[in-house]
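Notebook open, structure loaded. I wanted to look up how some of the helices and strands sit together.

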Amino acid sequence: MGFPLIGETLQLILPSHSLDLPPFLKNRIKKYGHMFKTNVAGRPVIISADPEFNSFILKQDGKLVETWSLDTFAEVFEQNTHSSRKYTRHLTLNHFGVEALKDKLLPQMENFINLILEKWSSQESLEVKSAAIKMTVDFAAKQIFSGDLENAPFNISDMFRDLVEGLMSFPINLPGTAHHKCLQIHKKVRETMRDVLKKRLDSPTVKREGEEDLVNHLMRDMDSQKFLTEDYIVQMMFGLLFVTSDSISTTLALSFKLLAEHHVVLEELIAEHDSILKNKEDLDAPLTWNDYKSMTFTLQVINEVLRLGNIAPGLFRRALKDIPVNGYTIPSGWVIMIATAALHLNSAQFEDPLSFNPWRWKEIQPSCAAKNFMPFGSGMKQCAGAEYSRVFLATFLHVLVTKYRWTMVKGGKIIRAPIIRFPDGFHFKISHKNK
(Lines give C-alpha, C1' and ligand atoms only; values in the text may rest on other atoms or scores of the structure.)
Protein backbone atom coordinates (compact mmCIF):
# COMPACT_ATOMS: atom_id res chain seq x y z
CA MET A 1 0.00 0.00 0.00
CA GLY A 2 3.06 2.29 -0.14
CA PHE A 3 3.97 5.16 2.20
CA PRO A 4 1.59 6.79 4.69
CA LEU A 5 -0.61 9.51 3.14
CA ILE A 6 0.90 9.46 -0.39
CA GLY A 7 0.56 5.69 -0.79
CA GLU A 8 1.84 4.66 -4.21
CA THR A 9 0.65 7.78 -6.05
CA LEU A 10 4.11 8.71 -7.32
CA GLN A 11 4.69 5.22 -8.75
CA LEU A 12 1.28 5.36 -10.46
CA ILE A 13 1.95 8.68 -12.21
CA LEU A 14 5.64 8.00 -12.99
CA PRO A 15 6.00 8.65 -16.74
CA SER A 16 6.85 5.89 -19.21
CA HIS A 17 8.16 6.67 -22.69
CA SER A 18 5.94 4.45 -24.84
CA LEU A 19 2.36 3.48 -25.61
CA ASP A 20 2.82 0.37 -23.46
CA LEU A 21 1.30 -0.04 -20.01
CA PRO A 22 2.99 2.14 -17.35
CA PRO A 23 5.62 0.07 -15.46
CA PHE A 24 3.67 0.30 -12.19
CA LEU A 25 0.60 -1.42 -13.69
CA LYS A 26 2.63 -3.87 -15.74
CA ASN A 27 4.76 -5.01 -12.79
CA ARG A 28 1.82 -5.28 -10.38
CA ILE A 29 -0.29 -7.32 -12.78
CA LYS A 30 2.67 -9.64 -13.38
CA LYS A 31 3.19 -10.03 -9.62
CA TYR A 32 -0.38 -10.18 -8.29
CA GLY A 33 -2.64 -10.93 -11.24
CA HIS A 34 -5.38 -8.82 -12.78
CA MET A 35 -6.65 -7.37 -9.47
CA PHE A 36 -4.59 -5.79 -6.72
CA LYS A 37 -4.91 -3.19 -4.00
CA THR A 38 -2.92 0.02 -3.58
CA ASN A 39 -3.20 3.47 -2.03
CA VAL A 40 -3.59 6.61 -4.15
CA ALA A 41 -3.30 9.97 -2.36
CA GLY A 42 -4.35 8.41 0.93
CA ARG A 43 -7.29 6.47 -0.51
CA PRO A 44 -7.38 2.66 -0.63
CA VAL A 45 -7.93 1.62 -4.25
CA ILE A 46 -8.55 -1.70 -6.00
CA ILE A 47 -7.09 -1.70 -9.52
CA SER A 48 -8.75 -4.21 -11.85
CA ALA A 49 -7.74 -5.41 -15.30
CA ASP A 50 -10.12 -8.38 -15.08
CA PRO A 51 -12.68 -8.11 -17.95
CA GLU A 52 -15.35 -10.26 -16.23
CA PHE A 53 -15.15 -8.40 -12.91
CA ASN A 54 -15.11 -5.03 -14.68
CA SER A 55 -18.17 -5.96 -16.73
CA PHE A 56 -19.96 -7.02 -13.53
CA ILE A 57 -19.04 -3.82 -11.66
CA LEU A 58 -20.13 -1.54 -14.48
CA LYS A 59 -23.61 -3.12 -14.33
CA GLN A 60 -23.84 -2.39 -10.59
CA ASP A 61 -24.02 1.42 -10.75
CA GLY A 62 -26.40 2.66 -8.07
CA LYS A 63 -26.52 -0.81 -6.46
CA LEU A 64 -23.10 -2.06 -5.34
CA VAL A 65 -21.09 0.94 -6.58
CA GLU A 66 -21.39 4.62 -7.51
CA THR A 67 -19.52 6.73 -10.04
CA TRP A 68 -16.51 8.42 -8.47
CA SER A 69 -13.69 10.79 -9.46
CA LEU A 70 -10.12 11.31 -8.28
CA ASP A 71 -9.73 14.28 -5.93
CA THR A 72 -8.44 16.59 -8.67
CA PHE A 73 -11.18 15.61 -11.11
CA ALA A 74 -13.80 15.94 -8.36
CA GLU A 75 -12.71 19.50 -7.60
CA VAL A 76 -12.64 20.52 -11.25
CA PHE A 77 -15.72 18.54 -12.36
CA GLU A 78 -17.97 18.85 -9.32
CA GLN A 79 -19.98 15.77 -8.31
CA ASN A 80 -23.71 16.21 -8.94
CA THR A 81 -26.95 14.59 -7.83
CA HIS A 82 -28.53 11.69 -9.71
CA SER A 83 -31.33 13.85 -11.14
CA SER A 84 -28.92 16.52 -12.37
CA ARG A 85 -26.61 13.92 -13.97
CA LYS A 86 -29.62 12.39 -15.74
CA TYR A 87 -30.68 15.82 -17.01
CA THR A 88 -27.14 16.65 -18.15
CA ARG A 89 -26.86 13.39 -20.09
CA HIS A 90 -30.23 13.96 -21.79
CA LEU A 91 -29.29 17.55 -22.69
CA THR A 92 -25.88 16.51 -24.04
CA LEU A 93 -27.44 13.81 -26.22
CA ASN A 94 -30.02 16.34 -27.42
CA HIS A 95 -27.28 18.71 -28.68
CA PHE A 96 -24.38 16.32 -29.46
CA GLY A 97 -26.06 12.91 -29.93
CA VAL A 98 -26.90 10.90 -33.06
CA GLU A 99 -30.01 12.85 -34.09
CA ALA A 100 -28.22 16.20 -33.75
CA LEU A 101 -25.28 14.80 -35.74
CA LYS A 102 -27.59 13.58 -38.53
CA ASP A 103 -29.75 16.70 -38.67
CA LYS A 104 -27.17 19.49 -38.46
CA LEU A 105 -23.74 18.80 -36.94
CA LEU A 106 -22.17 16.59 -39.65
CA PRO A 107 -22.32 19.20 -42.46
CA GLN A 108 -21.27 21.92 -40.00
CA MET A 109 -18.27 19.82 -38.96
CA GLU A 110 -17.21 19.20 -42.56
CA ASN A 111 -17.45 22.89 -43.47
CA PHE A 112 -15.57 23.92 -40.31
CA ILE A 113 -12.81 21.30 -40.81
CA ASN A 114 -12.37 22.39 -44.45
CA LEU A 115 -11.71 25.96 -43.26
CA ILE A 116 -9.36 24.78 -40.49
CA LEU A 117 -7.23 22.55 -42.73
CA GLU A 118 -7.02 25.30 -45.36
CA LYS A 119 -5.68 27.60 -42.65
CA TRP A 120 -3.27 24.94 -41.32
CA SER A 121 -1.90 24.31 -44.83
CA SER A 122 -0.85 27.96 -45.12
CA GLN A 123 1.61 27.58 -42.22
CA GLU A 124 5.21 26.38 -42.48
CA SER A 125 4.47 23.86 -39.73
CA LEU A 126 2.11 23.54 -36.81
CA GLU A 127 1.94 21.61 -33.54
CA VAL A 128 -1.03 19.34 -34.17
CA LYS A 129 -2.16 18.68 -30.60
CA SER A 130 -2.36 22.40 -29.68
CA ALA A 131 -3.98 23.29 -33.00
CA ALA A 132 -6.50 20.45 -32.58
CA ILE A 133 -7.42 21.63 -29.07
CA LYS A 134 -8.18 25.10 -30.45
CA MET A 135 -10.18 23.59 -33.33
CA THR A 136 -12.32 21.35 -31.09
CA VAL A 137 -12.84 24.04 -28.42
CA ASP A 138 -13.96 26.56 -31.06
CA PHE A 139 -16.39 24.13 -32.70
CA ALA A 140 -17.89 22.98 -29.39
CA ALA A 141 -18.18 26.59 -28.17
CA LYS A 142 -20.34 27.39 -31.22
CA GLN A 143 -22.75 24.60 -30.26
CA ILE A 144 -22.75 25.43 -26.54
CA PHE A 145 -23.01 29.23 -26.53
CA SER A 146 -22.72 30.35 -30.17
CA GLY A 147 -19.26 31.26 -28.95
CA ASP A 148 -16.81 33.67 -30.43
CA LEU A 149 -13.83 33.12 -28.14
CA GLU A 150 -11.60 35.71 -29.81
CA ASN A 151 -12.78 38.29 -27.25
CA ALA A 152 -11.76 36.13 -24.27
CA PRO A 153 -9.08 37.71 -22.03
CA PHE A 154 -6.76 34.74 -22.65
CA ASN A 155 -6.42 31.78 -25.00
CA ILE A 156 -8.90 29.22 -23.67
CA SER A 157 -7.44 26.38 -25.74
CA ASP A 158 -4.01 26.96 -24.13
CA MET A 159 -5.74 26.88 -20.75
CA PHE A 160 -7.32 23.51 -21.49
CA ARG A 161 -3.96 22.11 -22.61
CA ASP A 162 -2.35 23.16 -19.31
CA LEU A 163 -5.34 21.92 -17.33
CA VAL A 164 -4.78 18.33 -18.51
CA GLU A 165 -1.21 18.46 -17.20
CA GLY A 166 -2.50 19.07 -13.67
CA LEU A 167 -5.43 16.66 -13.59
CA MET A 168 -3.34 13.59 -12.78
CA SER A 169 -1.02 15.42 -10.36
CA PHE A 170 -0.75 14.77 -6.63
CA PRO A 171 -3.63 16.72 -4.99
CA ILE A 172 -1.68 19.25 -2.91
CA ASN A 173 -3.05 22.78 -3.32
CA LEU A 174 0.12 24.82 -2.75
CA PRO A 175 1.54 27.55 -5.02
CA GLY A 176 3.99 26.06 -7.49
CA THR A 177 2.34 22.63 -7.64
CA ALA A 178 0.66 21.28 -10.77
CA HIS A 179 -2.54 20.76 -8.77
CA HIS A 180 -2.61 24.43 -7.70
CA LYS A 181 -2.06 25.57 -11.30
CA CYS A 182 -4.84 23.26 -12.47
CA LEU A 183 -7.32 24.80 -10.00
CA GLN A 184 -6.25 28.35 -10.96
CA ILE A 185 -6.84 27.57 -14.64
CA HIS A 186 -10.23 26.07 -13.80
CA LYS A 187 -11.16 29.28 -11.96
CA LYS A 188 -10.08 31.51 -14.88
CA VAL A 189 -11.95 29.55 -17.53
CA ARG A 190 -15.07 29.42 -15.36
CA GLU A 191 -14.96 33.20 -14.96
CA THR A 192 -14.97 33.54 -18.75
CA MET A 193 -17.91 31.10 -19.00
CA ARG A 194 -19.72 33.09 -16.29
CA ASP A 195 -19.25 36.34 -18.28
CA VAL A 196 -20.74 34.63 -21.36
CA LEU A 197 -23.74 33.41 -19.32
CA LYS A 198 -24.34 36.77 -17.62
CA LYS A 199 -24.43 38.58 -20.97
CA ARG A 200 -26.94 36.00 -22.22
CA LEU A 201 -29.10 36.30 -19.08
CA ASP A 202 -29.07 40.09 -19.37
CA SER A 203 -30.30 39.86 -22.97
CA PRO A 204 -32.20 36.54 -23.19
CA THR A 205 -33.54 37.24 -26.68
CA VAL A 206 -30.04 37.13 -28.21
CA LYS A 207 -29.39 33.74 -29.80
CA ARG A 208 -28.06 32.26 -32.99
CA GLU A 209 -30.38 32.74 -35.93
CA GLY A 210 -32.72 29.89 -36.69
CA GLU A 211 -31.75 27.47 -33.94
CA GLU A 212 -31.21 27.12 -30.23
CA ASP A 213 -27.77 26.60 -28.71
CA LEU A 214 -27.21 24.64 -25.49
CA VAL A 215 -27.10 27.70 -23.18
CA ASN A 216 -30.46 28.91 -24.52
CA HIS A 217 -31.86 25.45 -23.75
CA LEU A 218 -30.47 25.62 -20.19
CA MET A 219 -31.85 29.13 -19.63
CA ARG A 220 -35.28 27.99 -20.80
CA ASP A 221 -35.22 25.12 -18.27
CA MET A 222 -34.03 27.20 -15.28
CA ASP A 223 -37.56 27.70 -13.93
CA SER A 224 -38.55 24.02 -14.11
CA GLN A 225 -35.22 22.47 -13.01
CA LYS A 226 -34.33 23.90 -9.60
CA PHE A 227 -30.71 22.61 -9.67
CA LEU A 228 -30.02 24.74 -12.78
CA THR A 229 -28.26 27.57 -10.96
CA GLU A 230 -25.79 29.91 -12.65
CA ASP A 231 -22.96 27.94 -11.02
CA TYR A 232 -24.28 24.65 -12.40
CA ILE A 233 -24.62 26.04 -15.93
CA VAL A 234 -21.12 27.55 -15.83
CA GLN A 235 -19.71 24.21 -14.66
CA MET A 236 -21.58 22.38 -17.42
CA MET A 237 -20.28 24.78 -20.09
CA PHE A 238 -16.75 24.22 -18.81
CA GLY A 239 -17.10 20.44 -18.56
CA LEU A 240 -18.53 20.04 -22.08
CA LEU A 241 -15.79 22.20 -23.61
CA PHE A 242 -13.17 20.09 -21.85
CA VAL A 243 -14.49 16.62 -22.71
CA THR A 244 -15.13 17.52 -26.36
CA SER A 245 -11.64 18.96 -26.78
CA ASP A 246 -9.14 16.73 -24.98
CA SER A 247 -10.02 13.24 -26.20
CA ILE A 248 -10.50 14.32 -29.84
CA SER A 249 -7.32 16.42 -29.97
CA THR A 250 -5.16 13.67 -28.45
CA THR A 251 -6.62 11.04 -30.79
CA LEU A 252 -6.08 13.29 -33.81
CA ALA A 253 -2.45 14.02 -32.89
CA LEU A 254 -1.74 10.31 -32.45
CA SER A 255 -3.54 9.56 -35.75
CA PHE A 256 -1.22 11.94 -37.64
CA LYS A 257 1.82 10.12 -36.26
CA LEU A 258 0.55 6.56 -36.70
CA LEU A 259 -0.75 7.12 -40.24
CA ALA A 260 2.51 8.82 -41.27
CA GLU A 261 4.40 5.76 -39.99
CA HIS A 262 2.10 3.10 -41.54
CA HIS A 263 1.73 3.75 -45.26
CA VAL A 264 -0.31 0.58 -45.94
CA VAL A 265 -2.96 1.76 -43.47
CA LEU A 266 -2.95 5.24 -44.99
CA GLU A 267 -3.33 3.86 -48.52
CA GLU A 268 -6.41 1.83 -47.56
CA LEU A 269 -7.86 4.83 -45.72
CA ILE A 270 -7.36 7.06 -48.79
CA ALA A 271 -8.94 4.39 -51.03
CA GLU A 272 -12.05 4.24 -48.82
CA HIS A 273 -12.55 8.01 -48.88
CA ASP A 274 -11.80 8.35 -52.62
CA SER A 275 -14.50 5.71 -53.16
CA ILE A 276 -17.00 7.78 -51.13
CA LEU A 277 -16.27 10.79 -53.36
CA LYS A 278 -16.56 8.72 -56.58
CA ASN A 279 -20.01 7.53 -55.53
CA LYS A 280 -21.29 11.10 -55.17
CA GLU A 281 -23.15 12.63 -58.12
CA ASP A 282 -21.95 16.06 -56.97
CA LEU A 283 -18.36 16.15 -55.69
CA ASP A 284 -19.11 19.32 -53.73
CA ALA A 285 -22.12 17.79 -51.94
CA PRO A 286 -21.60 17.56 -48.16
CA LEU A 287 -21.05 14.26 -46.38
CA THR A 288 -24.24 12.45 -45.44
CA TRP A 289 -24.96 10.16 -42.51
CA ASN A 290 -24.90 7.21 -44.94
CA ASP A 291 -21.41 8.31 -46.06
CA TYR A 292 -20.28 8.29 -42.43
CA LYS A 293 -21.79 4.85 -41.78
CA SER A 294 -19.99 3.50 -44.86
CA MET A 295 -16.56 4.46 -43.43
CA THR A 296 -15.89 0.91 -42.23
CA PHE A 297 -12.10 1.01 -42.37
CA THR A 298 -11.98 4.59 -41.02
CA LEU A 299 -13.88 3.51 -37.91
CA GLN A 300 -11.49 0.56 -37.52
CA VAL A 301 -8.57 3.03 -37.69
CA ILE A 302 -10.24 5.26 -35.08
CA ASN A 303 -10.84 2.24 -32.79
CA GLU A 304 -7.22 1.22 -33.13
CA VAL A 305 -5.92 4.72 -32.30
CA LEU A 306 -8.28 4.88 -29.31
CA ARG A 307 -7.13 1.42 -28.17
CA LEU A 308 -3.44 2.31 -28.35
CA GLY A 309 -3.92 5.86 -27.06
CA ASN A 310 -5.88 4.94 -23.92
CA ILE A 311 -6.75 8.60 -23.48
CA ALA A 312 -8.57 8.15 -20.14
CA PRO A 313 -6.50 6.72 -17.25
CA GLY A 314 -9.35 4.50 -16.13
CA LEU A 315 -12.97 4.31 -14.99
CA PHE A 316 -13.62 4.89 -11.29
CA ARG A 317 -16.32 3.52 -9.00
CA ARG A 318 -16.70 3.52 -5.21
CA ALA A 319 -18.07 0.51 -3.32
CA LEU A 320 -21.39 1.29 -1.58
CA LYS A 321 -21.22 -1.96 0.39
CA ASP A 322 -18.78 -4.83 0.90
CA ILE A 323 -18.22 -6.71 -2.38
CA PRO A 324 -17.01 -10.34 -2.26
CA VAL A 325 -14.70 -11.34 -5.13
CA ASN A 326 -12.43 -14.39 -5.61
CA GLY A 327 -12.35 -15.17 -1.89
CA TYR A 328 -11.54 -11.55 -0.93
CA THR A 329 -13.74 -8.64 0.11
CA ILE A 330 -13.61 -5.12 -1.31
CA PRO A 331 -14.67 -3.04 1.73
CA SER A 332 -17.45 -0.48 1.49
CA GLY A 333 -16.02 2.97 0.69
CA TRP A 334 -12.99 1.65 -1.22
CA VAL A 335 -12.41 2.94 -4.75
CA ILE A 336 -12.28 0.57 -7.73
CA MET A 337 -10.23 1.68 -10.74
CA ILE A 338 -10.95 -0.18 -13.96
CA ALA A 339 -7.60 0.02 -15.74
CA THR A 340 -8.79 0.45 -19.33
CA ALA A 341 -5.21 0.56 -20.67
CA ALA A 342 -4.59 -2.94 -19.27
CA LEU A 343 -7.73 -4.17 -21.06
CA HIS A 344 -6.81 -2.49 -24.35
CA LEU A 345 -3.26 -3.87 -24.30
CA ASN A 346 -4.13 -7.38 -23.10
CA SER A 347 -2.36 -9.84 -25.42
CA ALA A 348 -4.99 -12.52 -24.65
CA GLN A 349 -7.58 -10.37 -26.44
CA PHE A 350 -5.47 -8.31 -28.85
CA GLU A 351 -2.70 -10.20 -30.61
CA ASP A 352 0.58 -8.22 -30.66
CA PRO A 353 -1.20 -5.46 -28.71
CA LEU A 354 1.37 -2.70 -29.31
CA SER A 355 1.16 -2.96 -33.11
CA PHE A 356 -1.04 -0.52 -35.04
CA ASN A 357 -3.33 -2.92 -36.88
CA PRO A 358 -6.80 -1.57 -37.77
CA TRP A 359 -7.63 -4.81 -39.64
CA ARG A 360 -7.83 -6.64 -36.29
CA TRP A 361 -11.27 -5.04 -35.78
CA LYS A 362 -12.72 -7.13 -38.63
CA GLU A 363 -12.46 -10.21 -36.42
CA ILE A 364 -13.39 -8.78 -33.01
CA GLN A 365 -16.91 -9.72 -31.93
CA PRO A 366 -19.13 -7.01 -30.33
CA SER A 367 -19.47 -9.09 -27.12
CA CYS A 368 -15.67 -9.23 -26.80
CA ALA A 369 -15.28 -5.52 -27.54
CA ALA A 370 -17.91 -4.63 -24.91
CA LYS A 371 -15.76 -6.13 -22.13
CA ASN A 372 -12.29 -5.31 -23.45
CA PHE A 373 -12.60 -1.96 -25.22
CA MET A 374 -13.86 1.04 -23.26
CA PRO A 375 -12.43 4.29 -24.67
CA PHE A 376 -15.61 6.18 -23.74
CA GLY A 377 -16.73 4.16 -20.74
CA SER A 378 -19.28 1.37 -20.94
CA GLY A 379 -22.98 0.58 -21.02
CA MET A 380 -25.46 3.17 -19.82
CA LYS A 381 -22.61 5.26 -18.40
CA GLN A 382 -20.79 5.51 -21.73
CA CYS A 383 -19.82 9.10 -22.48
CA ALA A 384 -22.77 10.89 -24.08
CA GLY A 385 -20.35 12.41 -26.59
CA ALA A 386 -18.90 9.09 -27.83
CA GLU A 387 -20.61 9.20 -31.24
CA TYR A 388 -19.88 12.93 -31.57
CA SER A 389 -16.17 12.20 -31.08
CA ARG A 390 -16.18 9.39 -33.66
CA VAL A 391 -18.06 11.49 -36.23
CA PHE A 392 -15.72 14.46 -35.74
CA LEU A 393 -12.65 12.23 -36.11
CA ALA A 394 -14.03 10.44 -39.18
CA THR A 395 -15.00 13.74 -40.84
CA PHE A 396 -11.58 15.21 -40.12
CA LEU A 397 -9.85 12.16 -41.60
CA HIS A 398 -12.11 12.34 -44.68
CA VAL A 399 -11.12 15.94 -45.45
CA LEU A 400 -7.47 15.32 -44.55
CA VAL A 401 -6.82 12.25 -46.70
CA THR A 402 -8.82 13.40 -49.73
CA LYS A 403 -7.29 16.88 -49.97
CA TYR A 404 -3.99 17.00 -48.05
CA ARG A 405 -0.67 15.30 -47.34
CA TRP A 406 1.47 15.79 -44.25
CA THR A 407 5.06 15.23 -43.12
CA MET A 408 6.54 15.39 -39.64
CA VAL A 409 8.88 18.34 -39.08
CA LYS A 410 9.95 17.63 -35.50
CA GLY A 411 8.83 16.10 -32.22
CA GLY A 412 7.01 12.81 -31.96
CA LYS A 413 7.93 11.63 -28.47
CA ILE A 414 5.18 10.07 -26.37
CA ILE A 415 5.00 9.69 -22.60
CA ARG A 416 2.26 8.15 -20.49
CA ALA A 417 1.89 9.47 -16.96
CA PRO A 418 -0.74 7.86 -16.94
CA ILE A 419 -2.52 10.27 -19.35
CA ILE A 420 -0.83 10.28 -22.75
CA ARG A 421 1.26 13.39 -23.47
CA PHE A 422 3.54 14.65 -26.23
CA PRO A 423 6.44 16.47 -24.49
CA ASP A 424 8.00 17.90 -27.69
CA GLY A 425 4.71 18.15 -29.56
CA PHE A 426 3.93 16.71 -33.00
CA HIS A 427 5.00 19.37 -35.54
CA PHE A 428 3.74 18.68 -39.06
CA LYS A 429 3.80 20.47 -42.41
CA ILE A 430 0.40 20.09 -44.07
CA SER A 431 0.06 20.81 -47.79
CA HIS A 432 -2.53 20.45 -50.56
CA LYS A 433 -2.31 17.26 -52.61
CA ASN A 434 -2.56 19.15 -55.89
CA LYS A 435 0.34 21.50 -55.16
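Before counting anything, I fixed the term: a residue is buried if its relative accessible area is under 20%. I also noted that this is a predicted model.

**Helix α10.** With that cut-off I went through α10 (residues 214–221) and found seven of its eight residues buried, so the helix is mostly covered. The buried ones are Leu-214, Val-215, Asn-216, His-217, Leu-218, Met-219 and Asp-221. I then checked where the helix starts: a side-chain oxygen of Asp-213 comes to within 3.3 Å of the backbone nitrogen of Val-215.

**Helices α11 and α12.** Next I looked up how α11 (residues 230–261) packs against α12 (residues 263–278): the angle is about 105° and the axes are 5 Å apart. That angle makes the two helices roughly perpendicular. On the α11 side I listed Leu-259, Ala-260 and Glu-261, and on the α12 side His-263, Val-265, Leu-266 and Leu-269. Sorting these contact residues gave me five nonpolar, one polar and one charged.

**The sheet.** I traced an open, mixed sheet of five strands, ordered β1-β2-β8-β5-β3. Its edges are β1 (35–40) and β3 (65–67), each paired on one side only. Ignoring direction, neighbouring strands are turned by 35° against each other on average. At the β3 edge I found three bridges to β5 (residues 315–319), with the two strands antiparallel; Val-65 stands opposite Ala-319 there.

**Helices on the sheet.** Helix α2 (residues 23–32) packs on the sheet, touching β1 and β2 (43–48), and its direction makes about 135° with that of β1. Helix α3 (residues 51–58) lies across β1, β2, β3, β5 and β8 (335–338), and I noted about 120° to β8.

Methods: Residues numbered from 1 in each chain as written. Predicted model: local features only at pLDDT ≥ 70, side-chain atom pairs only at ≥ 80, totals over all residues. Heavy atoms only, no water. Axes fitted to C-alpha atoms, helices over the stretch in contact; angles between N-to-C directions. Helix = DSSP H or I, 4+ residues; strand = E, 2+ residues; numbered from the N terminus. Parallel < 35°, antiparallel > 145°, perpendicular 65-115°, else oblique. Contact = heavy atoms within 4.5 Å. Nonpolar A, V, L, I, M, F, W, Y, C, P; charged D, E, K, R; others polar. Buried < 20%, exposed > 50% of the residue type's maximum accessible area, 1.4 Å probe, protein only. Polar contact = N/O pair within 3.5 Å; in protein donor to acceptor, adjacent residues only side chain to side chain. Pairing = 2+ DSSP bridges.
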